[in-house]
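Got your viewer open and a selection box ready? Let's walk through this one stop by stop.

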Amino acid sequence: TRRPGAAAGAAPSMPGTARLRWDSKPAQQQLVNLLMRNARAAGAELRNQTKAAISGRGTSAAGQAPGLVSGKLRRSIRSIVRRDRSASEITIRVGSGLFYSRFLEKGTARMAARPFLGQRFQSFKTRMAEILLRGRG
């Protein structure tokens with residue numbers, strides 16, 4: 001058999017080797033499923049680390065993660081993984097939908113920032129790539 005794009009007189013493939021067709025729909029689907037599963041695991045781990053950072057009781061000092069007052073912020077931390085088929089992208093989103101969470105993260109004119117997500121993400125980037133490629137192990 002001839003490889004796609006190979007010339008007619010080209011040498012055959014090496015004996016004892018296997019060839020995987022990446023244009024195979026089942027193989028592509030298995031790879032996408034594996035990547036989605038690993039993306040969910042990476043998002044969950046970052047979510048859990050972020051929730052753990054918001055565990056100190058009471059108010060926090062400027063520059064530290066917010067303290068646990070009512071627990072509403074910690075309960076609102078979610079991770080969502082979405083696949084955009086048209087752009088072949090997988091997006092991992094971790095954060096809070098609470099209105100005031102952005103004020104805590106970035107600060108205001110009257111309050112210093114209490115970052116709870118940005119710092120975690122910066123320190124977690126290498127681990128996230130590892131999880132995406134190898135799984136949680």
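Which helix is the place of Glu-105? Select residues 101-106: that's helix α3, and Glu-105 sits in it. Keep in mind as you click around that this is a predicted model.

**Stop 1: Glu-105**

Show the side chain. Glu-105 is buried yet has no salt bridge. The nearest side chain of opposite charge belongs to Lys-106, and it is 5.5 Å away; a salt bridge here has to come within 4 Å, so that pair doesn't qualify. What you can find instead is the backbone nitrogen of Phe-116, 2.9 Å from a polar atom of the Glu-105 side chain. Now add the contacts of Glu-105, leaving out neighbours within four places in sequence: Ala-113, Arg-114, Pro-115, Phe-116, Leu-117 and Gly-118.

**Stop 2: Phe-116 and Leu-73**

Stay on Phe-116 and bring up Leu-73. In the largest nonpolar core, which has 15 residues, these two touch the most other members. Colour α1 (25-53) and α4 (118-134) as well, since each supplies at least two residues of this core. In general, nonpolar side chains tend to be buried together in soluble globular proteins. Beyond four places in sequence, the contacts of Leu-73 include Ile-54, Pro-66, Leu-104 and Phe-116.

**Stop 3: Tyr-100**

Another contact of Leu-73 is Tyr-100, which lies in the loop between β2 (89-96) and α3. Measure between C-alpha atoms and you should get 8.9 Å for Tyr-100 and Leu-73, which are 27 residues apart along the chain. Tyr-100 also touches Lys-72, and at 33% relative accessibility it counts as partly exposed.

**Stop 4: the aromatic pair**

Select Phe-99 and Phe-103. The count of aromatic pairs comes to one, and this is it: edge-to-face, 5.2 Å centre to centre, with 80 degrees between the planes. Phe-99 is exposed, at 58% relative accessible area, while Phe-103 is partly exposed at 32%.

**Stop 5: the salt bridges**

How many salt bridges does the count come to? Two. Start with Glu-45 and Arg-127, whose closest N and O atoms are 3.2 Å apart. This pair links distant parts of the chain: Glu-45 is in helix α1 and Arg-127 in helix α4, 82 residues apart. Glu-45 counts as buried at 16% relative accessibility, whereas Arg-127 is partly exposed at 23%.

Then add Glu-130, which meets Arg-127 in a salt bridge at 2.9 Å, N to O. Both lie in helix α4, three residues apart, about one turn of the helix. Shared partners join Glu-45, Arg-127 and Glu-130 into one network.

Methods
Residues numbered from 1 in each chain as written. Predicted model: local features only at pLDDT ≥ 70, side-chain atom pairs only at ≥ 80, totals over all residues. Heavy atoms only, no water. Phe/Tyr/Trp six-rings, centres within 6.5 Å; stacked < 30°, edge-to-face > 60°. Buried < 20%, exposed > 50% of the residue type's maximum accessible area, 1.4 Å probe, protein only. Helix = DSSP H or I, 4+ residues; strand = E, 2+ residues; numbered from the N terminus. Lys, Arg positive; Asp, Glu negative; His and termini not counted. Polar contact = N/O pair within 3.5 Å; in protein donor to acceptor, adjacent residues only side chain to side chain. Contact = heavy atoms within 4.5 Å. Core = buried A, V, L, I, M, F, W, Y, C linked by side-chain atoms within 4.5 Å.
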